Amino acid sequence: MERLALVKELTSILGPGGVISEPEQLLTYESDGLRNYRATPLLVVLPTTTQQVQAVMRLCHAEGIPVVPRGSGTGLSAGALPVAGGIVLGLSRMRDILEVDLPNERAVVQAGVLNLSVTQRVAPHGYYYAPDPSSQQVCSIGGNVAENSGGAHCLKYGFTVNHVLGLTVVLAGGEIVHLGGKSVESPGYDLTGVFVGSEGTLGIVTEVTLRLVRRPETVLTLLAAFESTDAAGAAVSGIIGAGIVPAAIEMMDNLSIQAAEAAVHANYPLDAGAILLVELDGPRVEVEDQSSLVEGICLDSGATSLRVAKDDEERALMWKGRKSAFAAMGRISRDYFVQDGVIPRTALPRVLREIAALGEQYGLRVANVFHAGDGNLHPLVLFDGSVPGQTGQAEMLAGDILKVCVDAGGSITGEHGVGLDKKRYMPLMFSSDDLDTMQMLRCAIDPERELNPDKLFPTPRLCGERPGVYKPHPLQEAGLADLF
Amino acid sequence: MTVNIGEMIAETGIDLIREGTSNDAVLGAVPGVVAAPGSVEGISRLLSWANERGLAVIPCGTRTKLDRGTPPARYDILLDLSRLSGVIEHAAGDLTVTVRAGTRLDDLQAELAKAGQFLAVDPPVPGTVGGLIACGDSGPRRFRYGGVRDLLLGVSFVRADGTLARGGGKVVKNVAGYDLPKLFTGALGTLGVIVEATFRLYPLPSVSATAVVSGVSERAAADALSAIVTSSVTPTVLDYYAAAGESHFAVRFEGTDLPVWVQAARTVELLGKGARVLSGEDENALWRLFSGVMQTEEGDVLARLSSVRSDLPALLKRARAETNESGVELSLRAHVGHAQALLRWHEPSTEAALPLLTSLRAQAEACSSRLVVWRTPADVRERFEVWGSMGESLDLMRRVKAQFDPRNTLNPGRFVGGI
């Protein structure tokens with residue numbers, strides 16, 4: 001079908017406000033949060049109901065048009081990058097909170113609802129929605145589902161997948177399925193668990209059933225400064241070893257501290273080799289019990305200063321420094337790449353040394369912000385794109401850093417997802433049999449690869465293939481024929 | 001189909017293969033052979049061999065859950081994984097452990113306890129790690145720590161065609177690729193044979209105390225629950241137990257000394273008259289009593305109900321009333337915090353059991369809850385579908401199975417919808 005006819009057909013489904021076809025307006029959708037990747041979509045559609053999404057998917061299926069779903073477009077792995085000749089299906093107009101069920105600690109929301117909106121809605125009653133990515137003021141629940149987003153409080157509270165109990169999904173052919181529900185478990189395959197983190201490659205999520213969490217009685221936030229990341233790392237080991245599971249432990253190195261202070265003046269000690277931001281939450285008696293232990297451990301590990309936030313304002317300021325660390329890099333560098341590797345927490349000292357060595361090798365600075373609790377490392381590769389060749393060098397350094405993470409027993413992505421950006425690194429973590437097996441899922445659910453076709457997997461698998469142990473043809477075995 | 005043991009030994013290289021007997025039966029079906037490979041390669045060769053020949057394989061560990069699900073459509077080989085055991089790596093500083101699937105859960109916990117850690121699962125029937133994942137059974141502590149699916153970080157498995165594959169990873173935080181660990185949890189071994197798993201661990205609590213109030217109705221327990229979950233206390237377990245004329249509502253705290261005692265005391269205030277704190281042997285005795293629901297006799301019917309907090313009390317009350325009317329004895333243990341309950345009918349006749357189960361399932365499904373039968377005499381199993389209705393997601397599930405196991409080699413017919 002040619003473009004004009006397509007626009008007409010889609011407009012009849014979605015109304016004039018639901019179809020974007022003018023070139024200037026399409027520009028907004030040509031990239032997500034990873035702005036070095038850009039592609040122009042054929043069209044953008046903005047449905048308001050699950051039925052509209054179904055009608056769009058049916059049409060695209062019939063016409064062989066690939067579809068890229070998009071939430072708020074804040075993703076950091078180019079997961080919502082348009083596909084050539086494909087449509088972007090944005091969920092931003094589906095932003096209603098459909099149901100709040102406090103006695104059962106559940107909320108049912110449309111995919112376009114912003115992450116923080118859920119907490120804002122239930123906070124007056126003493127509840128909140130726990131997964132808190134730094135972009136939570138703008139990112140959508142649907143996007144969180146696609147990436148299995150985390151946030152600073154993962155170690156204690158888990159990720160999106162631990163807080164999603166049910167989904168309404170529109171599949172590639174337009175079939176609508178309801179997965180899971182309000183109860184914690186249902187018999188059968190955990191398809192809800194599989195769709196979370198599937199990066200928009202299996203279906204379009206339109207509604208999500210979420211688990212709410214009761215606000216803890218007490219929150220205590222502590223900032224400790226150390227002479228080195230090694231010392232800070234030892235403190236973290238001590239805390240974990242003491243049987244404490246903090247709500248969050250964040251570590252920043254000197255370069256990150258410098259940047260953060262220049263940007264937001266969070267009163268971080270500028271001469272510290274590293275700082276730890278430790279947050280404890282729970283019943284007051286438990287938090288008090290743990291905080292004295294934590295303080296003792298920090299001091300034993302050589303903390304040069306220790307400060308406990310005395311009120312919400314001070315706590316917010318302590319966090320502001322950490323949360324603006326990425327954006328703050330702009331103060332000390334023209335350009336930067338954020339990486340998202342994961343390592344076993346105990347490997348941190350070694351990995352940081354290797355990263356520092358790589359940085360020296362490339363002649364580029366790397367700042368480190370680290371979710372010390374769960375091992376999620378965000379190395380920030382600083383460079384100057386105006387210097388010829390430096391962007392390429394920075395990309396290579398970022399890739400080498402990922403290899404270091406995987407070699408240390410970690411992962412290529414802790415929260416940003418694979419998308420397009422890290423597709424090429426999947427073979428670092430997974431064998432071809434592993435990738436093949438994962439794609440069997442895709443073959444079951446989106447066999448014609450109509451949804452986000454170019455994301456996640458480096459080499460697509462044809463769904464007619466039967467993978468596995470290679471069996472030579474009898475003619476080959478008899479030496480009568482050969483396979484080229 | 002008869003399995004030629006000699007040929008099997010020669011072609012798979014597995015040294016421990018013997019003829020199957022009635023002791024190896026799964027819901028009445030007896031296999032041709034039992035094989036106990038000692039390595040992953042052996043498992044791979046066995047599956048590849050069986051898959052090619054259209055033979056059906058049922059994996060097992062301690063055999064404690066072979067009575068789950070529907071009778072297999074075909075059953076040729078019992079694949080015994082108990083030789084594949086042992087901890088591969090316990091990274092205590094990272095709070096993770098990687099362990100072979102044939103390891104007994106109790107042995108794993110003993111090993112982890114040496115470093116003051118544990119795998120925060122307490123399934124009603126502990127067996128092996130592989131069985132834990134395949135059945136996905138959670139116990140009372142799910143309320144605090146999440147289910148098996150929330151604690152499993154990575155899984156290695158052998159596909160029906162013998163290929164070894166892996167999903168997830170070894171670290172607590174990882175979003176690379178599809179979440180195969182979730183897919184495999186509760187899949188009853190129908191998608192692959194799990195050989196290795198990595199779990200997230202928690203510190204082992206050193207102190208425990210339980211606040212309990214007795215002689216309570218389902219309604220009173222529901223009110224108590226509501227008071228507790230809106231308060232500041234953070235229990236690990238919230239249970240309602242009713243059997244043989246006694247009932248208890250119990251709230252357990254586990255952790256370090258002061259927080260446990262202060263919270264237990266606060267809970268007693270919330271629970272009101274008659275509430276008390278138990279610790280030590282008294283506390284253990286109470287939890288042993290509750291665990292008694294699982295100790296079924298031949299002829300009992302045991303089922304699992306999954307619901308939400310607001311619907312569970314009415315379902316349980318009605319189940320008790322209808323059971324009383326038919327003169328049958330019912331024991332129940334409800335983890336009311338996350339609304340999962342175990343119900344045990346004591347040796348009901350088939351004529352009594354069927355209407356009770358049918359009624360409870362209808363009421364459950366009417367409020368989007370689920371009733372799954374775990375143990376039952378053959379008579380009842382033949383006339384009452386153990387899994388319950390699956391609705392529209394069944395088609396997707398069938399498609400997934402068809403991709404992973406196109407020849408239906410693994411546990412054929414045991415799972416939901418006849419998968």
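I started with a cysteine: A:C443 has 5% relative accessibility, so I put it down as buried. Worth noting at the top of the page that this is a predicted model.

**Entry 1: the disulfide**

What does A:C443 pair with? I followed its sulfur to A:C463, and the two are joined in a disulfide with an S to S distance of 2.1 Å. I then counted disulfides over all chains and got one.

Where do the two ends sit? A:C443 belongs to helix α16 of chain A, which covers residues 432–445. A:C463 falls in the loop between α16 and α17 (474–477) of chain A. They are 20 residues apart, and the pair links distant parts of the chain.

Left-handed or right-handed? I looked up the torsion about the S-S bond of A:C443 and A:C463, and it is about -85 degrees, so this disulfide is left-handed.

Buried or exposed at the other end? A:C463 has a relative accessible area of 23%, so I wrote it down as partly exposed; the cut-off for buried is under 20%. A:C443, as noted, counts as buried.

**Entry 2: other cysteines**

Why is A:C60 not in a disulfide? Its closest cysteine sulfur is in A:C463, and that is 19 Å away, too far for a bond. For a disulfide I need the sulfur atoms within 2.5 Å. A:C60 has a relative accessible area of 1%, so it is buried.

Over in chain B I checked B:C367. Its relative accessible area is 26%, which makes it partly exposed.

**Entry 3: chain B against chain A**

How many residues are in contact? I have 74 from chain B and 87 from chain A. The area buried between the two chains is about 6,500 Å², with carbon and sulfur atoms giving 58% of it. Which three residues of chain B supply the most? They are B:K173, B:V175 and B:Y178, with 15% of the area that chain B buries against chain A.

Next, the polar side of things. I count 28 residue pairs in polar contact between chain B and chain A, taking pairs with both residues at pLDDT 80 or more. Several elements of chain B each supply at least two residues to the side that touches chain A, among them α6 (148–151), β9 (164–168), α9 (257–271) and β19 (370–375). Helix α14 of chain B gives the most, with nine residues. By type, the residues on that side of chain B divide into 31 nonpolar, 22 polar and 21 charged.

How many salt bridges are there between chain B and chain A? The count is eight. I looked at one between A:E105 and B:R309, whose side chains meet at 3.3 Å, N to O.

**Entry 4: back to A:E105, then B:A339**

A:E105 came up again when I went through the backbone torsions. Most residues other than glycine have a negative phi. A:E105 is not a glycine, yet its phi is positive, about 55 degrees. I found it in the loop between β5 (97–101) and β6 (106–110) of chain A. Its relative accessibility is 11%, so it counts as buried.

Chain B has a residue to note here too. B:A339 is not a glycine either, and it has a positive phi of about 55 degrees. Where is it? B:A339 sits in the loop between β17 (329–335) and β18 (340–346) of chain B. At 1% relative accessibility, B:A339 goes down as buried.

Methods: Residues are numbered from 1 along each chain as its sequence is written. Chains are lettered from A and ligands numbered from 1 in the order in which they are written. This is a predicted model: local features need pLDDT of at least 70, side-chain atom pairs count only at pLDDT 80 or more; totals for chains, interfaces and linings use all residues. Side-chain values use heavy atoms; hydrogens and water are left out. Contact means heavy atoms within 4.5 Å. Buried area is the accessible area (1.4 Å probe) that two parts lose on being put together, summed over both. A salt bridge is a side-chain nitrogen of Lys or Arg within 4 Å of a carboxyl oxygen of Asp or Glu. A polar contact is a pair of N or O atoms within 3.5 Å; within protein, one must be able to donate a hydrogen and the other to accept it, and residues adjacent in sequence count only if both atoms are side-chain atoms. Helices (H or I, at least four residues) and strands (E, at least two) are DSSP runs, numbered from the N terminus. Ala, Val, Leu, Ile, Met, Phe, Trp, Tyr, Cys and Pro count as nonpolar, Asp, Glu, Lys and Arg as charged, and the others, Gly among them, as polar. Buried means under 20% relative accessible area, exposed over 50%, partly exposed in between (1.4 Å probe, protein chains only).
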